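Here's a relaxed walk through one chain, going from a sheet and its helices out to the overall build. Have the model open as you read.

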Amino acid sequence: MSNTIWAVDGSFFAQRLSGIQRYSIELLAALDRIVPPGFVEIVTPPGVETPHYTNIKVVSFGTHRGGVWQQLDYPRYLRQRGAGGLATCNVIPLFGFRGIAVVHDVCYRARQDFYRDTRRDRLSAAWHCLQYRRIAQKAERIITVSEFSKAEIHKYYGVPPEKMDVVYNAWQQMQRIAPDDGVFARNPQLQKGGYYFSMANLLKNKNFPWVLRAAKAKPDAMFAIAGGGSLAEEAGRLGLADLPNVVYLGYVSDGEAKSLMANCRAFLFPTLYEGFGIPPLEAVACGAKQILVSDTPCMREV
């Protein structure tokens, strides 16, 4: 496939930024500096904004959005263009895909106990496990983000190790970000050097309840928690609402996150399962005085 044009599934540009989207954005920025013009294209749904690239061409294609675009329009583009696919976010078209896929982790298969609470959880787990199987069957090569994830993909889906390559997540984007100390003026209860900082969501692997239990056990210390969703409502369901030493920051900008990491007493990352886990490395890059992570194979590797 030396003369193949590679067409990247660019639908992630329309998604909320998290670790997987960050990985994809930084990977393409790095590729743009080393690939010849015309070798890589990014295909997006209509109306999606992307960064400016020098050597990578961006193509708006199709009429759909989201998962429908990924399953219908993206493979149609691959067929029409005769291109190889590059899918960087755990998902490929179920039909009509040839090329390279990135699998960040197989959490939905390895920790099925995380996804039993609601019908939506069970459906999401079933969809992702189907995707893992199709990627194992159809991708010509698989990229993953750690030796831990590589071993997990081999364990659960029998993919030969020689068919997989590890491309780690990076932290270098933090060097380009200017710190925003305004977050302290907006949250005067946070004093530099006097709070624990974590980034949370409601996914069970992120282990948000652990941070609340730590805050309850250490009432003399402040805990700043960034992240969207209904974290405060979840705290209420856990019987840990209205802890006076917990500040919910909501979504924070990259600049705010950099300041919070640089000035925290410690950065907390109590994950139960990750394919990689970018935030601890970002905290190191920002100069966090201490980083506390869970004792898991992936965290030891990172």
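Helix 7 (residues 208-217) lies across strand 8, strand 9, strand 10 and strand 11, and runs at about 160 degrees to strand 9. Helix 9 (residues 254-263) packs on the sheet too, touching strand 8, strand 10 and strand 11, with its direction at about 140 degrees to that of strand 8. Angles here run from 0 to 180 degrees between N-to-C directions, with axes fitted as lines to C-alpha atoms, for helices over the stretch in contact. Helices (H or I, at least four residues) and strands (E, at least two) are DSSP runs, numbered from the N terminus.

A word on the source: this is a predicted model, where local features need pLDDT of at least 70, side-chain atom pairs count only at pLDDT 80 or more, and totals for chains, interfaces and linings use all residues. Residues are numbered from 1 along each chain as its sequence is written, and side-chain values use heavy atoms, with hydrogens and water left out.

Now the sheet itself: five strands, open, in the order 10-9-8-11-12, with parallel pairing. Strand 10 (246-250) and strand 12 (291-293) sit at the edges with a single partner strand each, so one side of each has no neighbour in the sheet. From one strand to the next, the twist averages 20 degrees.

What about strand 8 (residues 195-199)? Four of its five residues are buried (under 20% relative accessible area, 1.4 Å probe, protein chains only), so the rest of the structure largely encloses this strand. From strand 8 the chain crosses through helix 7 to strand 9, and this β-α-β crossover is right-handed, in other words clockwise from the first strand over the helix to the second with the strands pointing away from the viewer. The table sums up its pairing (two strands pair if DSSP finds at least two bridges between them).

| Partner of strand 8 | Bridges | Opposite residues |
|---|---|---|
| Strand 9 (residues 222-226) | five, parallel | Tyr195 and Met222 |
| Strand 11 (residues 266-269) | three, parallel | Phe197 and Phe267 |

Strand 11 also supplies Leu268 as the bridge partner of Ser198.

Zooming out, the chain holds eleven helices and twelve strands. Its C-alpha trace spans about 60 × 40 × 35 Å along the principal axes, and buried residues make up 50% of the 302 residues.

Technical notes. Contact means heavy atoms within 4.5 Å.
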